[in-house]
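This note is addressed to a colleague meeting the structure for the first time. Please keep the sequence and the model in view while reading the points.

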Amino acid sequence: MEETGGASAYGASLAGGGFDFSKFVRQPQTIVRLLSWIFALVVFACITTEGYINPPHSSEARCIFNQNDQACHYAVGIGVIAFLACVGFLVLDVYMPFMSNAQERKYAVMADLGFSGAWTFLWFVCFCLLASQWGRTHDIRGVPMDAARATVAFSFFSIATWGILTYFALGRFRRGVNEVTIPTYTEPPPDHHTPYPPTYAPTSYNPTTYTPTTYTAYPGSVPDMQQPPFNSNLQPQGEYQPPNY
């Protein structure tokens with residue numbers, strides 16, 4: 001589901017944001033996926049209901065596209081798988097906003113991208129095959145013309161819709177990768193004019209003047225009897241006399 005505003009990851013709103021059904025239905029991706037679902041339904045429904053007739057000289061039902069049963073089988077197989085895939089990816093688009101893991105969203109978008117790209121190519125092959133076989137069909141007696149033409153036309157339309165889905169999935173994948181890899185913190189550029197890194201730059205220091213505290217002796221207190229470490233009034237005790245051995 002394409003998000004045009006708000007926080008998102010891989011084209012869907014972040015987990016816990018809720019689901020808006022009306023907004024989901026109006027998304028271009030949802031509309032194109034529904035068209036792909038309808039086109040696939042038309043292709044395999046036309047072939048399964050009117051794609052086989054009995055030739056004039058055979059009792060066995062054959063494909064209306066130049067009696068080539070392989071062409072009808074291929075178109076039915078591609079249409080049925082595309083029909084089921086559209087339903088599955090629609091459910092995945094609804095569940096996408098409730099995925100809290102970005103890795104799971106990445107895998108879901110990659111699956112959508114890979115499948116849509118593959119089915120764009122397979123629908124192109126289907127259109128070329130049906131158009132070629134229809135051009136070689138000469139005996140059109142009893143052939144339902146409208147069903148044959150509708151099958152070829154909607155095979156061509158499916159190429160366009162699945163190509164658009166591939167483009168949408170590629171855009172969601174690119175945006176999701178960019179959103180996941182965006183750094184959440186950018187270190188400041190280094191300042192070559194200071195010897196300290198910006199984070200550990202020292203703050204300014206304002207020295208203060210120390211004022212000693214003056215103590216006053218109270219009456220009756222014991223006087224300090226400690227002698228000063230140096231006394232200039234000390235008298236010499238005499239000359240040194242070496243001992244006699």
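The points below take up the core, the salt bridges, one serine and the largest pocket.

1. Status of the model. The structure under discussion is a predicted model. The remarks that follow should be read with that in mind.

2. The nonpolar core. The largest nonpolar core contains 32 residues. Within this core, the members that touch the most others are Phe65, Trp119, Trp123, Leu130 and Trp162. Four helices each give two or more residues to the core: H2 (28-50), H3 (69-95), H4 (102-135) and H5 (145-181). The largest share comes from H3, which supplies ten residues.

3. Contacts of Trp119. It is useful to select this residue in the viewer. Leaving aside residues up to four places away in sequence, Trp119 touches Ile78, Ile81, Ala82 and Trp162. Trp119 and Trp162 are both among the core members with the most contacts to other members.

4. The salt bridges as a set. How many salt bridges does the structure hold? There are five salt bridges in the structure. In general, side chains of opposite charge can pair when their charged atoms come close. One network of salt bridges links Arg33, Asp93, Asp112 and Arg172, and the next three points treat its members.

5. Arg33 and Asp93. These two side chains meet in a salt bridge, with an N to O distance of 3.1 Å. Arg33 belongs to helix H2 and Asp93 to helix H3, and the pair links distant parts of the chain, 60 residues apart. Are Arg33 and Asp93 buried or exposed? Both Arg33 and Asp93 are buried.

6. Arg33 and Asp112. Arg33 also forms a salt bridge with Asp112, whose closest N and O atoms are 2.9 Å apart. Because Asp112 lies in helix H4 and Arg33 in helix H2, this pair ties together parts that are 79 residues apart in sequence. Arg33 has a relative accessible area of 0% and is therefore buried, the cut-off being under 20%. Asp112, with a relative accessible area of 1%, is buried as well.

7. Arg172. The network also includes Arg172, which lies in helix H5. At 1% relative accessibility, Arg172 counts as buried. The C-alpha atoms of Arg172 and Val109 are 7.1 Å apart in space, although the two residues are 63 apart in sequence.

8. Arg141 and Asp139. A further salt bridge joins Arg141 to Asp139, with the closest N and O atoms 2.9 Å apart. Arg141 counts as exposed, at 59% relative accessibility, whereas Asp139 counts as partly exposed, at 38%.

9. Ser36. This residue lies in helix H2 and is buried, with a relative accessible area of 0%. Which residues does Ser36 touch, not counting those up to four places away in sequence? Ser36 touches Cys86, Thr161, Trp162 and Leu165. Of these partners, Trp162 was named in point 2 as a member of the core.

10. The largest pocket. Rolling a probe the size of a water molecule over the atoms shows where empty space is left. The largest pocket has a volume of about 160 Å³. Its lining consists of 13 residues, and those nearest the centre are Ile53, Gln67, Thr137, Asp139 and Val143. By type, the lining divides into six nonpolar, four polar and three charged residues. Asp139, which forms the salt bridge with Arg141, thus appears again here, as one of the residues nearest the pocket centre.

Notes: Residues are numbered from 1 along each chain as its sequence is written. This is a predicted model: local features need pLDDT of at least 70, side-chain atom pairs count only at pLDDT 80 or more; totals for chains, interfaces and linings use all residues. Side-chain values use heavy atoms; hydrogens and water are left out. On a 1 Å grid over the protein atoms alone, a cavity is a set of points where a 1.4 Å probe fits but cannot get out, and a pocket is an open set with protein on both sides within 12 Å along at least five of seven lines; lining residues have an atom within 4 Å of a point. Grid points are joined across faces, edges and corners, and a volume is the space filled by probe spheres set on the points. Ala, Val, Leu, Ile, Met, Phe, Trp, Tyr, Cys and Pro count as nonpolar, Asp, Glu, Lys and Arg as charged, and the others, Gly among them, as polar. A nonpolar core is a set of buried Ala, Val, Leu, Ile, Met, Phe, Trp, Tyr and Cys residues joined through side-chain atoms within 4.5 Å. Buried means under 20% relative accessible area, exposed over 50%, partly exposed in between (1.4 Å probe, protein chains only). Contact means heavy atoms within 4.5 Å. A salt bridge is a side-chain nitrogen of Lys or Arg within 4 Å of a carboxyl oxygen of Asp or Glu.
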